[in-house]
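Subject: Structure handover

Hi,

Here is the structure I promised you. Please open it alongside this note. My findings follow below.

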Amino acid sequence: MENKRPTWSSRYSFILAAIGSAVGLGNIWRFPYVMGQNGGAVFLITYVILITTLCFVPLMAELMFGKITKKDCIGAYEQVNTKFKIFGFLNNVTAIIIPSFYFVIGGWIIYYMIKSFVNFNIENPVEYLSNFIQNPYATSISTIIFLFICTFFMARGIKKGIEFVNNYMIPLLAVILIVLIAASLNLPNANLGLEYVFKPDFSKFNSQTVLTAMGQAFFTLSVGTGALLTYGSYIKEDKCIVQSAYTIIFSSILFSVLAGIMIFPAVFSFGLEANSGAGLVFVTLPKVFMQIPHGGIIASAFFILLFCAAITSGISMLEVPCATLVERLKISRLKACIIIFFAVALISIPATLSFGILGNIKLFGKTIFDILDFSASNILLPLNSIILCLIAGWFLKIKGEMIFKNDIFAKIFDIGLKYIVPMVLIIIFYLGLR
Ligand code: PHE
């Protein structure tokens with residue numbers, strides 16, 4: 001007897017889970033510093049234009065692909081043509097590679113979160129971070145704990161696991177974010193931080209800004225891994241799929257901007273450097289936490305926020321291979337989760353160690369972590385999205401009229417899906433490889 005496919009309890013559960021997938025480290029950890037480095041408001045405007053227009057097309061195509069085929073990634077592509085199975089396989093490879101480096105940062109967050117519960121007394125954050133990331137035991141164990149939490153909830157299934165986590169974590173995330181913004185805006189000179197985020201610096205606008213905004217938009221929407229295809233395949237009935245897609249896009253923009261409003265006023269208030277890039281969260285912010293009243297509690301709230309954002313995204317990535325294993329090999333969800341646990345552990349441990357004892361292993365001058373990041377973000381994500389648009393537009397024949405009542409919107413969508421978006425993505429893909 002064939003197992004019945006799981007479905008979301010309601011439209012609300014689906015939207016929350018999709019928001020959980022979209023809103024992650026990409027919004028809260030990466031977006032603020034990328035925006036700061038790329039001209040503040042200029043970057044923000046570019047990002048908003050791209051995410052609501054160009055990125056809407058593959059997002060919609062991926063959701064529709066899942067919703068129509070009601071299959072895992074390999075099954076979905078196979079349904080269009082057996083020869084296309086390989087593309088579903090490629091989605092699965094991507095959905096294993098991204099967690100392999102994403103979960104490394106997830107592990108760091110767990111470590112800092114626990115540290116903040118115990119005693120957040122970090123005298124020298126630079127030295128502290130560098131000692132920690134070079135410690136093979138602490139980092140590996142943290143990564144494994146993060147991976148375990150994700151696979152544990154996945155093993156519980158769609159309703160009891162994924163929905164449960166998102167139902168609690170997304171509202172919690174929103175509440176913590178608002179409380180932290182209030183605290184941050186109350187600090188002296190908070191307006192300097194707001195200026196940094198919102199004041200346009202046109203001198204920083206160039207083709208790189210557009211490319212970075214586009215890459216950022218794709219990553220934050222989770223397009224190109226098959227995560228949305230898989231989540232879309234659990235939709236029972238959704239007549240308002242356009243609204244769902246725009247809710248996901250809107251949330252992604254909102255959380256990104258709010259993260260900037262939370263972080264920069266605090267950073268500027270203490271006269272710290274805002275452009276420390278990836279170290280912003282682990283080096284600059286701890287300096288802030290050390291100086292403000294109730295800094296320990298605020299640090300805990302902040303790392304819980306990052307933890308929730310990362311877990312809900314992490315689960316959505318792993319759901320891709322999970323659905324594939326369950327549906328292709330007809331094994332139980334639990335067995336699939338165990339296999340995924342070991343597969344991701346096998347790649348993420350070397351990635352974790354590449355900040356320390358495996359730091360000398362390099363390919364093209366890149367460490368293991370950087371290779372995984374580069375191959376997923378610059379090669380696999382755009383490649384998968386190009387393939388997705390072409391197959392959805394030319395073979396699956398997803399049409400604008402299935403989505404929009406308005407003829408003009410429907411026509412624009414069709415042209416976007418078949419020609420414009422694949423062409424833009426091919427350019428990005430080419431530039432990203434250089
Ligand atoms: N969108 C997530 C973030 O912003 C990352 C992600 C990518 C999640 C791909 C799922 C699939 O952090």
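How do the residues of the lining of the largest cavity divide into nonpolar, polar and charged? Before the reply, one caution: this is a predicted model. The lining divides into nine nonpolar and nine polar residues, with no charged ones.

**The cavities**

There are two cavities of 30 Å³ or more in the structure. The largest holds about 140 Å³ of space. Its lining is made by 18 residues. Nearest the centre lie Ser21, Ile98, Phe219, Ser222 and Met317. Five elements each give two or more residues to this lining: α1 (11-22), α2, α6 (85-118), α11 and α15 (295-329).

The second largest cavity has a volume of about 30 Å³. Its lining consists of Glu62, Tyr77, Asn91, Gly224, Gly226, Asn384 and Leu388. By class, that is two nonpolar, four polar and one charged. So the linings part ways on charge: one charged residue here, none around the largest cavity.

**The α2 and α11 pair**

Both of these helices help to line the largest cavity. Helix α2 covers residues 25-37, and helix α11 covers residues 207-221. Their axes come within 11 Å and cross at roughly 170°. Angles over 145 degrees count as roughly antiparallel, and α2 and α11 are therefore roughly antiparallel to each other.

Which residues meet where α2 and α11 are in contact? From α2 come Gly26, Asn27, Arg30, Phe31 and Val34. From α11 come Thr212, Gln216, Phe219 and Thr220. The contact has three nonpolar, five polar and one charged residues. Phe219 is worth finding on screen: it meets α2, and it is also among the residues nearest the centre of the largest cavity.

**Lys70**

Look next at the loop between α4 (56-69) and α5 (73-80), where Lys70 lies. Is Lys70 buried, partly exposed or exposed? Its relative accessible area is 32%. Buried means under 20% and exposed means over 50%, so Lys70 is partly exposed.

Lys70 also has partners from elsewhere in the chain. Leaving aside residues up to four places away in sequence, Lys70 touches Arg5, Ser233, Ile235 and Lys236. Tyr234 is 164 residues from Lys70 along the chain, yet their C-alpha atoms are separated by 6.8 Å.

Over to you.

Best wishes

Conventions: Residues numbered from 1 in each chain as written. Predicted model: local features only at pLDDT ≥ 70, side-chain atom pairs only at ≥ 80, totals over all residues. Heavy atoms only, no water. Axes fitted to C-alpha atoms, helices over the stretch in contact; angles between N-to-C directions. Helix = DSSP H or I, 4+ residues; strand = E, 2+ residues; numbered from the N terminus. Parallel < 35°, antiparallel > 145°, perpendicular 65-115°, else oblique. Contact = heavy atoms within 4.5 Å. Nonpolar A, V, L, I, M, F, W, Y, C, P; charged D, E, K, R; others polar. Buried < 20%, exposed > 50% of the residue type's maximum accessible area, 1.4 Å probe, protein only. 1 Å grid on protein atoms, 1.4 Å probe; cavity = no way out; pocket = protein on both sides within 12 Å on 5 of 7 lines; lining within 4 Å. Points joined across faces, edges and corners; volume = space filled by probe spheres on them.
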